[in-house]
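Let's take a walk through a protein model together, one piece at a time. Have the structure open beside you as you read.

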Amino acid sequence: MEPIIQFAPYTGWVYPNETVFEWSVLIAVYPYLTGLVAGAFTVSSLYQVFGFQRLKPVAHMALLTSLSFMIFVPTPLLLHLGHPERAFNSTITPHLTSAMAMFGFFASFYVALLILEGWFAYRPFIVEQAQKRTDLLGRFYRLLTLGSYDVSEHAMRYDRKWIFALAVIGIPAAHGLHGYVGFMYGSLKSREWWSSDLMPVIFLFSAIISGVSLLAVLYVATCKMRKVPVDLGCLKGLAYTIWAFIMVALVLEGLEFANIVYKGREGVDMIMQYVTGPLLIPYFILQFAVGAITPFLWLSYMIWRGTTGKALVIGVTVCACLVLFSVFMMRWNVVIGGQEISKTGKGLLSYHLPLFGKEGALVAILLTMAPLGLLYVLTRLFPPWSDAATHAHS
Amino acid sequence: MKKEDSAPTLAARRAFLAKLGGAATCAGAALGAATLGVVPRAAAKPEVTPDAASFPTKDYDWTKHQWGFGVDATKCIGCLRCVEACKRENDVPANAHQFRTWVERYVHVEGDAQVHIDSQQDPVNIEASGSEKTFRFANRYKDAKVDKAFFVPKLCNHCTHPACVQVCPTGATYRTKDGVVLIDETYCIGCRYCVQACPYGARYFNEEKGVADKCTWCYHRITKGLQPACVEVCPVGARMFGDQNDKQSRISLFIRNSRVQVLRPESGNAPNVFYVGIDKEVN
């Protein structure tokens, strides 16, 4: 039988209780998922609020993606809790000084907002299906109409007002939710690696690039699956968005690291030993070089050269995959990396990721992929494609 | 006709109102009894409001004490009896990775700029003790020329502004009126945010119970007038405990008569474990 506690090997001096890693890979998956939610919502907002017309083909998909991932956001946390059955204690009796206590409220509010916005966005489609279908699914759509079959121009105008308002509220909600996740780490003064004022913004910008990248990949994949041509204008729009935000993300992360090194507070020697040793590959090579700088340069080249056609599709898709990987590595390097540097500032620990078990690699992969399954179901029920009736609003 | 009808109706109404009045009186009496403490006592939750005068037992008033802990590191001989006593007294998991209290050893070897630090959980020390249930420091420096060496007992600092309490999402961990940071095992959700937030590494996660755990200064003992187990067994008096409200208590005298310091004062946590005889490397 697997021992219930995994002890971490260490070097140097670490506190005895630190030899057990308390936040596993699941706690890295959690901000990754919330980041994808916030990022995907950004795309939806760019279209709905800021009028980026070229993003129209992915606007509805962005909403569905955001919702699918948001529904799975609490799962890694619940799996990690010692008493998941008590999870609602933090919502019933929130301890207001805790950064974690508000999560239930923020998350529920945001899910409700997404469902409401989705409902308004899909209302013409729902009404159409409710009137057309006679099968069980027709009953489902009739239920979803909530008794409102009015799709007149007047009603549509009213709906559009709601969509706009919800999208506007959604921007601070989505970004607040994720910035707040960053604050949960940044506000801890026990670890030099986490304790940073920049942490919430770093989380936010990495979230945006990850969500936009996810949509780019999903858009290309769904086009291939549906055998329809990729709208290059839309893909270019996504590429521009990634390119613009990746610059900010890189600058912020660079500043954060420069701050730690330049201030050189107690424990910095150990941090330097860590980043030039065990973290060299996951941090500098995978997160920065491969996952961020490579796609940045590649995207810059494509924008400069005006690349189009198949080269653009391949280029953007590969870059987006690299960004998705980079952002996961960022979550990993923060959550796991932070714990690998001892609070003593005099020792290093090493985390061993088990393959099986409640907090193993397989569960982490499953939880990251599960929202895609839900997204598939949602796209069957509510086709987000721009050629469908869903875009009556546009 | 109308007048005739109205008389019995009025009578009925009066009777009804009289009954209602009676019922209201009964309800009022019940409410009064409840206010006097009849009902609350029956329905009371195990924890009472922080203002209550007696907690957790009838004979103990937590508003009358302000506990504090002292460590005179110059006296500690690293025998680790405190660690073993704590494990037994508080049912701490019998392994070399989870402790409510521990002892650190600092050794300066001649010609070596780096101080060597270890604790009882170090694999070399565990090998020397031969078990993860009993602890001892291995004589690993017997062939070295030691310039300076000392032991530092560590435990939860029961801070005045505890970071662990601040981050707890449910309020399951809290600071008592008498200055002890406790965890409500029946309310903790096991998120381990507190474990991360503690800069001293004083908390661990009890896998079997699914909740965070740490030193309570043996709250079950001190509220009965006893000393914490680690203080009780210390053969050299390196650990001391007492009421800071009592100016003649051991802890008050220790703080008053020595130049004490706390660990990581820059954290703003305001610890309540006071040290004498620690060196610059200790944090």
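The expected span of a helix is 1.5 Å times one less than its number of residues. Keep that rule at hand while we look at this predicted model.

**Two helices of chain A**

How well do the helices of chain A follow the rule? Helix 13 covers residues 361-381 of chain A, and its 21 residues should span 30 Å at 1.5 Å a residue; the end C-alpha atoms are 31 Å apart, which agrees. Helix 9 of chain A, residues 232-263, passes the check too: its 32 residues should span 46 Å, and its end C-alpha atoms are 46 Å apart.

| Helix of chain A | Residues | Expected span | Distance between end C-alpha atoms |
|---|---|---|---|
| Helix 9 | 232-263 | 46 Å | 46 Å |
| Helix 13 | 361-381 | 30 Å | 31 Å |

Now follow helix 13 of chain A along its length. Where does it kink? There is a kink of about 30° at A:Thr368, shortly before the proline A:Pro371. That proline, A:Pro371, is buried, and so are A:Val363, A:Ala364, A:Leu367, A:Leu375 and A:Leu378 of this helix. Here a general point helps: an α-helix has 3.6 residues a turn, so residues three or four places apart point the same way. The buried residues of helix 13 of chain A pack against helix 1, helix 2 and helix 3 (74-80) of chain A.

Helix 9 of chain A has its own set of buried residues, including A:Leu235, A:Leu238, A:Ile242, A:Trp243, A:Phe245 and A:Glu253. What covers them? The cover includes helix 1 (25-48), helix 2 (56-72), helix 8 (199-226), helix 11 (280-305) and helix 12 (309-340) of chain A. Just after helix 9 of chain A comes A:Gly264, with a positive phi near 55°.

**Where the chains touch**

Next, turn to the boundary between the two chains. Here 33 residues of chain A are in contact with 35 residues of chain B. The chain A side of this boundary is made of 15 nonpolar, 12 polar and six charged residues.

**A sheet in chain B**

Chain B contains nine helices and 10 strands. Of its 283 residues, 37% are buried. Among contacts in chain B with a separation of 6 or more, 60% join residues 24 or more positions apart.

One open sheet in chain B has three strands in the order 3-2-4, with antiparallel pairing. Why do strand 3 (116-119) and strand 4 (146-155) of chain B each have one side without a neighbour in the sheet? Both stand at the edges with a single partner strand, so that side is left free of a neighbour. On average, neighbouring strands of this sheet are turned by 20° against each other, direction ignored. Helix 3 (residues 81-90) of chain B packs on the sheet and touches strand 2 and strand 4 of chain B, and its direction makes about 160° with that of strand 2.

Strand 2 (residues 101-109) and strand 3 of chain B pair over four bridges. B:Val107 has B:His116 as its bridge partner, while B:Glu104 has B:Ser119. These two strands of chain B form a hairpin with six residues between them, and B:Gly111 in the turn has a positive phi of about 85°.

**A loop residue to finish**

Is B:Thr186 buried or exposed? With 11 C-beta neighbours inside 10 Å, B:Thr186 counts as exposed. B:Thr186 sits in the loop between strand 6 (181-183) and helix 6 (193-197) of chain B. From B:Thr186 to B:Pro228 there are 42 residues in sequence and 23 Å in space, C-alpha to C-alpha.

Methods: Residues are numbered from 1 along each chain as its sequence is written. Chains are lettered from A and ligands numbered from 1 in the order in which they are written. This is a predicted model: local features need pLDDT of at least 70, side-chain atom pairs count only at pLDDT 80 or more; totals for chains, interfaces and linings use all residues. Two residues are in contact if their C-beta atoms, placed from the backbone, lie within 7 Å. Ala, Val, Leu, Ile, Met, Phe, Trp, Tyr, Cys and Pro count as nonpolar, Asp, Glu, Lys and Arg as charged, and the others, Gly among them, as polar. A residue is buried if 20 or more other C-beta atoms lie within 10 Å of its own, exposed if 12 or fewer, and partly exposed in between; C-beta atoms are placed from the backbone. Two strands pair if DSSP finds at least two bridges between them. Axes are lines fitted to C-alpha atoms, for helices over the stretch in contact, and angles run from 0 to 180 degrees between N-to-C directions. The bend at a residue is the angle between axes fitted to the seven residues ending there and the seven starting there.
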